[in-house]
Structures are given as C-alpha cells and as structure tokens.
Amino acid sequence: MVLSQLALAVLTIIELRTVSAGVPLQRYEALLKQQSAPVDESLGLYDNNDQVVKMTVSNFNETVLEQSRGSLVEFYNTYCGHCRRFAPTYKEVAQELHAWREVVIVAAIDCAAEENNGICRAYEVMGYPTLRYMGPGFQPAAKHYGQDLSSLNVKEIRSLLALLVAAENPKNITNTYWPNFNYVSENDSKVSLFEGSHSQKEYVALIHEPENSTLAIETALYLTRWPSVEVRRISDTSVANKFQLDSSKRRQLALMNRQGQVQILTATDDTSVGFKNAIETALTKEHFTPRPEKSVEPIKPAVVPPSPYTEEMKLTLDEVKRNKHFVYQADLEQAIRTILHNEVPKVNDIGNDRLLALQRFLTVLNRYNPLGFNGRQLIGQLKDYVVQFNQQQLTGKQFEMEVQRLETLYGPIYSSTHFVGCIGSSPHLRGFSCSLWTLFHFMTVQASQNDDTSDPLEVLQAMHGYIKNFFGCTDCADHFQAMASRRKIWSVPNKDEAILWLWAAHNEVNQRLAGDATEDPQYPKIQYPSTSSCVQCYRNGADQPVVEHLAINWNKDAVLGFLKNIYNPEFVSRFGVQKELLLPATAEQLREKRQIANVFSDMDMRMGMLLYAFCIVMMVLAFKLFAFKGGYRKKPYGHDMLGKLNY
Ligand SMILES: Cc1cc2nc3c(=O)[nH]c(=O)nc-3n(C[C@H](O)[C@H](O)[C@H](O)COP(=O)(O)OP(=O)(O)OC[C@H]3O[C@@H](n4cnc5c(N)ncnc54)[C@H](O)[C@@H]3O)c2cc1C
C-alpha cells in the first residue's frame with residue numbers, strides 16, 4: 001500500500017507539474033482585472049426576462065415595508081440546489097400573478113449575497129427557499145416576519161396567497177385598487193352593488209362558488225387593472241337565485257350592468273384564469289380597456305452588482321476544466337470566506353447546539369487551515385472568540401463584527417477573489433457548495449497526517465455540525481444527515497477511513513444528482529475519481545468502461561493514495577491566486593530559498609579563504625621587511641641568545 005501510494009504520488013507530481021506549466025496565468029489575471037462591467041442584468045437566480053421583482057438591501061425596505069400593497073417574498077440562496085430547482089416554478093408564479101401587482105407583487109432576495117446578510121438575518125430565515133407574505137403596511141416585529149407559504153406548486157401558492165390577501169382588513173388599506181372581497185349578502189340589491197368606492201365600474205361580475213373557494217378572489221385579483229368591472233363573490237344559493245344565477249351550479253359566472261341586466265358568461269374552464277378571460281372578452285367587446293401600464297406604481301430597482309463572468313473568463317476557465325481533479329487554493333479560500341462572511345453571520349441566534357457546532361468547526365479549521373499566515377491569525381483568534389461563549393448566546397451580528405475586526409487587524413487575508421476549480425460554466429452553478437466539499441475533503445486528508453489529536457471523527461463531526469446548523473442549502477443538509485446515519489458516520493474507526501467515508505458519501509450525492517436540473521452540463525456528476533484521473537483506483541482497469549448501474553469495484557488503497565495526493569497542500573494548485581505572498585511558501589519555494597542561502601554561504605567561504613590568503617601574504621611581507629631591516633642595522637649593544645653580552 002505504501003508503495004502504491006508512493007507511485008501515485010510520483011505520478012501526480014509529474015502530472016501536476018506538466019499541466020501547471022501550460023496554464024496561461026498572466027492571461028487569467030488580466031481577465032480578472034477586466035471584470036468590472038456587468039454582462040447582463042441578472043440578479044441571483046432571476047433576470048430581466050422574469051416578472052420577479054429583484055431585491056437587495058438597496059431596495060428591500062422601500063419595496064416591502066409600509067406599502068399600500070402586499071408582497072410575496074422568496075428568500076433563497078443561489079448555491080442551494082433546491083432553490084435552483086424551484087426557480088422555474090417561482091418564475092411561473094411571478095408570470096401568472098403579474099396581473100395582481102397592484103395588490104401584491106412577487107419578489108425575491110438572494111441570501112447568498114453578502115450585502116443581504118442583515119435582511120436575511122433580521123427575518124430569521126431558517127431554510128431555503130422560504131416564501132413569506134407581507135401584507136399592506138407591513139412592519140417586521142419580534143417573531144412576526146411575514147406569513148409562511150410553504151407550498152411549492154404554482155396552484156397552491158396562488159390560492160394560498162389569494163386567501164391571505166382576502167383576509168386583510170380593508171379598513172387599514174389605502175389602496176384604491178384593492179378589490180372588495182366581501183360576499184354578496186341577502187341585503188344587497190342590484191342597485192346597492194353599484195354603490196361604494198368602485199365608482200367607475202360599469203359592470204359587476206358575479207361569481208357563484210363553493211364556500212372556501214378562492215375562485216372569485218383570484219378572478220378579482222386578475223382584473224384589478226380593469227376599472228370598468230368589480231368582481232363579487234356569492235356562496236349562498238339563495239343569493240345566487242336572487243341575482244339570476246343557477247344555484248345548482250357551484251361555479252358560475254355572470255356579468256351584471258348598471259341597469260341590473262344579468263348575462264351568464266361561459267368560460268373555457270372553471271378556473272380563475274378561465275373566468276378572467278371570459279370577463280375580459282365581454283368587456284373588450286363593449287370597448288372597455290384596462291388602465292395603461294404607466295398607472296402602475298413603479299418599484300425602485302435593485303442595484304445590480306457587476307457579474308464576475310465574462311465570456312473570455314469562461315474560455316480561460318476551460319483550462320481548469322481540463323484539470324478537473326485538481327484542488328485549487330482559491331476554492332479553499334472562497335469556501336472559508338463565504339462561511340465567515342455569509343453563512344454564519346446570516347444566522348440570527350447562535351446558541352446551544354449551533355454554538356457547539358461552530359466551536360467544533362472553527363477548532364478543526366484552525367488546525368487544518370489552508371490560509372497563509374494572516375489567515376491563520378484570523379482563524380485562531382476567531383476560534384478563541386467563539387469558544388469563550390459558553391451556553392451564552394452568540395448572535396450572527398456579533399460574529400460578523402468580530403470577523404470584520406479581525407480582518408482589519410490581520411488583513412489582507414485572502415490571496416484570491418474568485419472560485420477557480422469550482423467556477424461553473426454559467427453564474428450560480430457549482431461555486432460555494434463545490435468549495436465546501438473541497439474544504440472538508442482537504443481537512444480529512446490533513447487530519448490523517450497530523451498527530452495533534454487521535455480522534456478519527458473530529459473533521460466528520462465538525463462537518464456534520466456545520467452542515468446541519470449553517471449550510472444554506474436546507475435540502476442538502478437534510479439529505480446529508482440522513483445519509484450520515486445510514487452510512488454510520490459515528491462508527492468510522494480511523495482517520496484514513498474518515499477520508500474514505502467522505503469520499504464515498506460524496507459519490508453517493510454525485511450519483512443522486514447525476515442528470516439533475518442543477519447539474520452543470522460542462523461538469524457532469526461522475527463517480528470520482530474518473531478513470532482518466534486515477535486508473536489504479538479501478539480494480540477492473542480503464543479498459544473496462546464504467547457502467548452506471550453496476551457497482552464500481554474500487555481499489556480503496558489506490559483511492560486513498562489518490563485523495564491524499566490531490567488534497568496534499570503541496571499539490572494544491574495556486575492557479576488564479578493574485579496575492580501569492582499571503583500564502584505559506586511551497587516546498588519548491590523553500591528549496592529555492594535554501595539554494596539561495598547556500599549560494600551565500602559558498603561566497604562567504606570564498607571570501608573567507610581570500611581574506612585568509614591575503615592575511616598570510618601580508619604577514620610574510622611584514623616579516624620579510626622586518627627581517628631585511630634587522631639584518632643591516634648596527635646594534636649598539638646586544639645579548640646573544642644565552643644572554644651573553646656581545647661586543
Ligand atoms: C454536504 C453537502 C450535501 C449536498 N447535498 C445536496 C443535495 O442533497 N442536493 C443537491 O442538489 N445538492 C447537494 N449538494 C450540492 C452538490 O453536492 C454539489 O456541491 C453541487 O451540485 C455542485 O457540484 P459540482 O459539480 O461543483 O461538484 P461537487 O459535487 O460539489 O464536488 C466538488 C469537487 O469535489 C471533487 N469531488 C467530487 N466527488 C468527489 C468525491 N467523491 N471525493 C472527493 N472529491 C470529490 C471534484 O473535484 C469536484 O469538482 C450538497 C453539497 C454538500 C457540501
């Protein structure tokens with residue numbers, strides 16, 4: 001096993017050296033500098049083709065608080081797979097409910113964007129995506145951050161939202177377009193229905209519907225921009241009879257004019273859209289039109305941060321694509337940065353289990369920290385800060401402020417500003433979740449080479465706690481915990497097995513997500529490592545293709561050796577790093593340093609020798625001179641060697 005690991009190490013070194021040499025680093029750096037201009041107007045998972053109102057901290061309050069209309073708000077994380085899967089549904093909701101915008105808008109905010117931390121923390125968002133309805137005049141108060149709409153299909157969202165809107169107290173609402181959601185009562189008459197606030201109306205659309213139905217509410221909301229009509233609900237059969245509707249039909253539509261003439265309308269189907277279409281057709285025939293678009297109150301647009309994507313950058317990152325199994329320093333750093341700047345600060349209360357999980361995570365990160373000297377200072381101090389909270393609640397805000405303080409004190413911390421190996425072929429693919437896996441694999445490998453603790457579970461336990469309490473992909477966290485107990489995480493016997501446990505667990509996730517809508521088409525989910533990265537890892541060899549439905553016969557010793565090499569800090573690629581000086585010296589750099597040191601000592605030796613020779617020459621010369629002068633001098637008197645007087 002040792003020999004095979006050695007062979008793998010040699011192979012990997014050769015491979016890493018050859019490929020790194022071919023990477024056009026300067027070109028990449030130049031492109032990173034050009035990234036100031038945004039390439040599109042997309043914000044998070046939504047862009048200008050969607051009817052979703054895009055919010056950031058720059059326009060959240062103006063859009064949601066104390067408005068004369070309500071808001072449906074989605075809190076999401078761009079890197080959460082479930083949020084990405086839900087995005088098409090939410091776009092559909094926004095498209096369908098665009099006609100309701102005088103009464104309720106469909107908006108979204110990306111909690112993965114650091115600038116929105118404060119908002120997502122204040123609204124105590126605990127899972128992603130979270131949908132909340134905030135009514136007209138909404139102001140957040142303790143434990144009142146809007147009403148949750150947990151249903152996730154378009155129809156359910158539409159009817160739940162309709163119920164919430166209709167339940168508002170109209171007395172508190174100043175919106176002139178707010179529909180009248182009251183049922184027509186026995187006391188109402190054909191005349192009285194034309195009285196009241198909706199003064200421009202020429203028609204009243206009467207909808208006979210079952211109790212608790214949202215058919216009429218939804219229809220009314222679709223028609224808020226038609227001043228000529230008011231939609232009213234009828235559930236009582238005797239009231240239906242009174243207005244000439246067929247009481248035996250539980251979903252019926254009629255249009256009544258000011259003269260009290262009632263016309264039964266036939267809709268293509270018994271849905272709110274069908275009823276709306278039928279009413280619009282009847283009104284258009286009578287030459288009525290909806291209010292012009294410009295009458296809709298404009299919403300302050302969000303400030304769009306520049307996109308980190310350029311076409312050229314994508315091309316450049318093809319270089320990275322060719323070296324898929326490389327581990328990049330930039331990704332490790334971005335994972336840590338996102339954890340410190342976004343994931344942890346977003347959590348409002350960090351107490352009890354969460355505090356313990358954070359303490360464990362920072363302890364492990366401090367031990368196997370891939371950052372340079374400054375980053376080590378930062379994590380060390382941060383760990384000490386968090387560890388001092390005992391039982392006592394730490395808040396996300398306090399954590400955020402401490403990170404800021406320490407980064408000011410010890411910064412600059414990060415040698416890179418972008419994902420490299422984890423960059424997706426388009427924005428919001430891969431990114432943070434990819435870098436998080438990378439960081440935990442890196443730490444399991446570092447742990448196996450460190451004797452500070454013999455606990456084989458330290459990294460896995462830290463990861464388990466982190467994912468459960470802080471990972472912004474709620475769905476992923478649930479799956480991970482279920483998988484952890486199924487795969488008996490707490491029975492992992494040693495540090496090498498911890499590396500392999502995580503590898504196998506990650507492969508299970510890869511298998512589940514292969515072909516999923518969230519998969520980056522340019523980075524398909526594979527069983528890792530591929531045969532092209534590590535042929536020795538397959539017992540059946542590279543010549544036998546991997547058949548998806550057949551279990552791979554892994555050579556686990558080779559896999560372990562491969563992972564230990566790939567996640568070895570010596571081989572972590574520095575491609576894309578802009579401030580290399582912040583990082584610890586690599587072995588190669590240290591060797592170079594030593595060579596320089598040797599050169600100096602050789603010179604010293606030569607200088608010493610020269611000085612030595614020079615001194616000898618000088619002494620000889622001095623001696624000769626002295627002896628020469630002494631030979632010709634006439635001594636006035638003297639003693640011989642025996643002290644006898646010479647005359
Ligand atoms: C703990 C966790 C659970 C998740 N659960 C879900 C989920 O339930 N649903 C969901 O939609 N998304 C989930 N995700 C996200 C998902 O796994 C991917 O991170 C995301 O789809 C991005 O994929 P990627 O192609 O960048 O590669 P990733 O799967 O993120 O892998 C990152 C890098 O790790 C290396 N790698 C890949 N496989 C292995 C392995 N077996 N061993 C060692 N290294 C490997 C490769 O170099 C790869 O580029 C989860 C993420 C995490 C961190």
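How far from an oxygen atom of the ligand does a polar side-chain atom of arginine 85 lie? The distance is 2.4 Å, in a model that is predicted.

**View 1. Polar side chains at the ligand.** In addition to the pair formed by arginine 85 and an oxygen atom of the ligand, two side chains are placed beside nitrogen of the ligand: an N or O atom in the side chain of asparagine 507 is 3.0 Å from a ligand nitrogen atom, and for the side chain of tyrosine 567 the corresponding distance to a nitrogen atom of the ligand is 3.1 Å. On its own the ligand has 940 Å² of accessible area, of which the protein covers 94%.

**View 2. The shell of residues around the ligand.** The ligand is surrounded by 26 residues, and those that come nearest are Arg85, Arg430, His479, His506 and Lys525. Sorted by class, the shell comprises 14 nonpolar, seven polar and five charged residues. Two or more residues each are given by helix H4 (81–96), helix H16 (432–448), helix H17 (458–469), helix H18 (474–486) and helix H19 (495–513), and H19, with seven residues, gives the most.

**View 3. Asparagine 507 and its surroundings.** Asparagine 507, whose side chain has an N or O atom 3.0 Å from a nitrogen atom of the ligand, is found in helix H19. Its relative accessible area is 5%, and because buried means under 20%, asparagine 507 is classed as buried. When residues up to four places away in sequence are not counted, asparagine 507 touches Ile526, Gln527, Tyr528 and Trp554.

**View 4. Nonpolar cores.** In soluble globular proteins, nonpolar side chains tend to be buried together. The largest nonpolar core in this model has 163 residues, and Phe75, Tyr123, Leu340, Phe399, Met443 and Tyr466 are those with the most contacts inside it. With neighbours within four places in sequence left aside, tyrosine 466 is in contact with Ile339, Glu343, Val344, Ala357, Phe361, Phe432, Leu436, Phe440 and Phe471. Another core, of 12 residues, lies apart from the largest one and includes Leu193, Val204, Leu206 and Met256.

**View 5. Helix H20 within the structure.** Helix H20 spans residues 556–566, and because nine of its 11 residues are buried, the helix is largely enclosed by the rest of the structure. The buried residues of H20 are Ala558, Val559, Leu560, Gly561, Phe562, Leu563, Lys564, Asn565 and Ile566.

Terms used:
Residues numbered from 1 in each chain as written. Predicted model: local features only at pLDDT ≥ 70, side-chain atom pairs only at ≥ 80, totals over all residues. Heavy atoms only, no water. Near = heavy atom within 4 Å. Polar contact = N/O pair within 3.5 Å; in protein donor to acceptor, adjacent residues only side chain to side chain. Areas by Shrake-Rupley, 256 points an atom, 1.4 Å probe, with all protein chains shown as cover. Helix = DSSP H or I, 4+ residues; strand = E, 2+ residues; numbered from the N terminus. Nonpolar A, V, L, I, M, F, W, Y, C, P; charged D, E, K, R; others polar. Core = buried A, V, L, I, M, F, W, Y, C linked by side-chain atoms within 4.5 Å. Buried < 20%, exposed > 50% of the residue type's maximum accessible area, 1.4 Å probe, protein only. Contact = heavy atoms within 4.5 Å.
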